[in-house]
Amino acid sequence: MTPRENMELIFQHKQPEYIPHLGTETYGIRDYIVERPIMTTGYDAWGCHWISCEDSLNITHPDTSVILFEDMDGWREKLKVPDLDKIDFTPMIEEAKAFTDRDQKMLQYVSLNGIFERSHTLMGFENALCACMDDPEEFGEMLKVLADHKIRLFQKVYDICQPDILVYHDDMGTQASQFLPTQFYVDYIFPQYRRIVEAARAAGYKHIVHHSCGRIEKLLPDWLSCGFDGWDSVMPCNNLKAAKKTYGDQIVFLPGLDTQKVLGPRDSTRSQIEHMVVEWMEMLAADGTGLIIDSTVAYSLNPVNEAICLEFIRKHGKPFMDAKKEGREYIPDYE
C-alpha cells in the first residue's frame with residue numbers, strides 16, 4: 001500500500017495500514033504569495049511587517065509597532081488586497097513539476113494566516129478584538145473581503161499544482177478559551193469558512209483541513225457545519241477523549257502531540273516521547289480510524305525530540321493498527 005492509499009483510507013474514516021506522519025507521508029508545497037516571511041524579518045504581501053525571532057528557530061511574529069489601521073473607520077481604503085495577477089507564481093509552478101511521486105504521495109498546500117489571523121495582523125490583536133465587539137457588522141464585511149481573496153488564491157493554486165489537501169490556518173483560541181463568543185463565530189466567521197470550503201472543494205481540493213491552535217472544543221459542533229474534513233494542531237488543552245468519542249466519525253485528527261510538556265523541553269527522555277506517541281494513538285485512534293500525526297519542528301521548536309518522535313511514530317504505527325484490526329489490545333514493545 002502506498003502512502004497515498006493509506007492516507008486516503010484515513011480521510012474515508014476507514015482503518016489504514018498504519019498511523020502516518022503528515023510531514024513525511026505527503027509532499028507540502030510552499031505558500032509563494034508570502035502570507036508571512038519565513039525564517040526572516042521582512043514584509044508580507046499585504047504590507048505587514050514581521051520580525052524573526054532567533055530564540056525560536058527564527059519563526060516570525062507580527063511587528064506590533066507597525067499596524068495599517070486601528071479600527072473599522074475607512075478600512076476599505078486602507079486595506080490593500082494583494083493582486084494575484086502581479087505575483088510571480090513561477091517558483092510554485094516549477095516546484096509542482098518537480099513533484100513526480102503523485103501516485104505515491106498526496107500533495108498538500110498549506111495556506112498561512114487565515115481571515116481572522118489576517119485581521120489582527122493588519123490591525124493589531126487588541127484593535128481587532130475590540131472591532132469585533134464595537135463594530136461587528138463592518139468587521140464581518142472585512143472578513144468577506146479577506147475570504148474573497150482566499151477563494152481566488154485557492155482557485156489559482158489549484159490550477160497551478162492540483163493539491164490533494166488544503167491546510168487552511170486560522171487560530172480560533174488561546175489555551176484557556178476561544179478568542180470570541182461562540183455566536184460571533186457563528187454569525188461572522190463560520191459563514192466565511194463555509195464559503196472558503198465550498199469554493200475550495202469546487203476547485204478540486206479533495207481534503208480540506210483547518211489548522212487551529214487553542215481550546216476550541218465548544219466550537220466543534222458549529223465548526224463541523226463549515227465542511228472541514230480535518231482538524232490540525234489538536235492541542236491537549238481540549239478534552240480530546242470527549243471530542244474523539246463525540247465527533248470521531250466526522251473529524252480526522254491531525255495533532256502536533258504534546259509539544260509543550262514533552263516535545264519542547266530539552267530534558268524530555270526517549271521514554272517520555274515514546275509513551276506520548278502511543279498514548280495519543282490510543283486517545284485519538286482507539287477504533288483504528290481518524291488519526292494522522294502532524295508533529296513538526298515548527299510546533300515543538302526542538303528538532304532533536306522531533307526526530308525521536310518520528311522514529312517512534314514509525315515504530316508503533318503499523319503494529320498499533322495490526323492490533324486494532326484484530327480487535328485486540330495493543331501492548332507496545334517499549335524501549
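**Exercise 1. A salt bridge between two helices**

Task: Glu-141 forms a salt bridge with Arg-76. Find the distance between their closest N and O atoms, and place each residue in the chain.

Solution. This is a predicted model.
- Step 1: Look at the closest N and O atoms of the pair; they are 3.8 Å apart.
- Step 2: Check the cut-off. A salt bridge needs the nitrogen within 4 Å of the carboxyl oxygen.
- Step 3: Place the residues. Glu-141 sits in helix α7 (residues 136-161) and Arg-76 in helix α3, so the pair links distant parts of the chain, 65 residues apart.
- Step 4: Judge the exposure. Glu-141 has 26% relative accessibility and counts as partly exposed. Arg-76 is partly exposed too, with a relative accessible area of 46%.

**Exercise 2. Another bridge from helix α7**

Task: Asp-148 and Arg-195 meet in a salt bridge. Which helices does this pair link?

Solution.
- Step 1: Take the N to O distance, 2.4 Å.
- Step 2: Find the helices. Asp-148 belongs to α7, and Arg-195 to α8 (residues 182-203). The two residues are 47 apart in the chain.
- Step 3: Add the accessibility. Asp-148 is partly exposed at 29%. Arg-195 is partly exposed at 32%.

**Exercise 3. A buried pair and its network**

Task: Arg-118 forms a salt bridge with Glu-35. Are these residues buried or exposed?

Solution.
- Step 1: Recall the principle. Side chains of opposite charge can pair when their charged atoms come close.
- Step 2: Take the distance. The closest N and O atoms of Arg-118 and Glu-35 are 2.9 Å apart.
- Step 3: Place the pair. Arg-118 lies in helix α5 (residues 115-123), while Glu-35 lies in the loop between β1 and β2, so the bridge ties together parts 83 residues apart in sequence.
- Step 4: Apply the cut-off. Buried means under 20% relative accessible area. Arg-118 has 2%, so it is buried. Glu-35 is also buried at 2%.
- Step 5: Widen the view. Glu-35, Asp-44, Arg-118 and Lys-150 are linked in a network of salt bridges. The structure holds 19 salt bridges.

**Exercise 4. The two faces of helix α6**

Task: Helix α6 spans residues 125-134. Which of its residues are buried, and why do they lie on the same side?

Solution.
- Step 1: List the buried residues: Ala-128, Ala-131 and Cys-132.
- Step 2: Check their directions. They cover an arc of only 105 degrees around the axis, so they share one side of α6.
- Step 3: Connect this to helix geometry. An α-helix has 3.6 residues a turn, so residues three or four places apart point the same way.
- Step 4: Turn to the face away from the buried side. Glu-126 and Asp-134 are exposed there.

**Exercise 5. Patches on the surface**

Task: Which residues form the negative patch, and which make the nonpolar one?

Solution.
- Step 1: Name the negative patch. Glu-70, Asp-71, Asp-73, Glu-77, Asp-134, Asp-135, Glu-137 and Asp-187 form it.
- Step 2: Look at one member. Glu-70 is in the loop between β4 (59-62) and α3 (75-78). Glu-70 counts as exposed because its relative accessibility is 54%.
- Step 3: Name the nonpolar patch. Ile-38, Met-39 and Leu-57 make it, with about 280 Å².
- Step 4: Look at Met-39. Its loop runs between β1 (26-29) and β2 (42-43). Met-39 is partly exposed at 48%.

**Exercise 6. Positive phi angles**

Task: His-13 has a positive phi although it is not a glycine. What is the angle, and where does His-13 lie?

Solution.
- Step 1: Read the angle of His-13: about 60 degrees.
- Step 2: Place His-13 in the loop between α1 (3-11) and α2 (22-25).
- Step 3: Add its exposure. His-13 is partly exposed at 24%.

Notes. Residues are numbered from 1 along each chain as its sequence is written. This is a predicted model: local features need pLDDT of at least 70, side-chain atom pairs count only at pLDDT 80 or more; totals for chains, interfaces and linings use all residues. Side-chain values use heavy atoms; hydrogens and water are left out. Patches are made of residues with over 30% relative accessible area and no salt bridge: like charges are joined within 9 Å, nonpolar side chains (Val, Leu, Ile, Met, Phe, Trp, Tyr) within 5 Å. Accessible areas come from the Shrake-Rupley method with a 1.4 Å probe; for residues, only the protein chains shown count as cover. A salt bridge is a side-chain nitrogen of Lys or Arg within 4 Å of a carboxyl oxygen of Asp or Glu. Lys and Arg count as positive and Asp and Glu as negative; His and the chain ends are not counted. The place of a charge is taken as NZ of Lys, CZ of Arg, CG of Asp or CD of Glu. Helices (H or I, at least four residues) and strands (E, at least two) are DSSP runs, numbered from the N terminus. Buried means under 20% relative accessible area, exposed over 50%, partly exposed in between (1.4 Å probe, protein chains only). The arc is that of the directions from the helix axis to the C-beta atoms.
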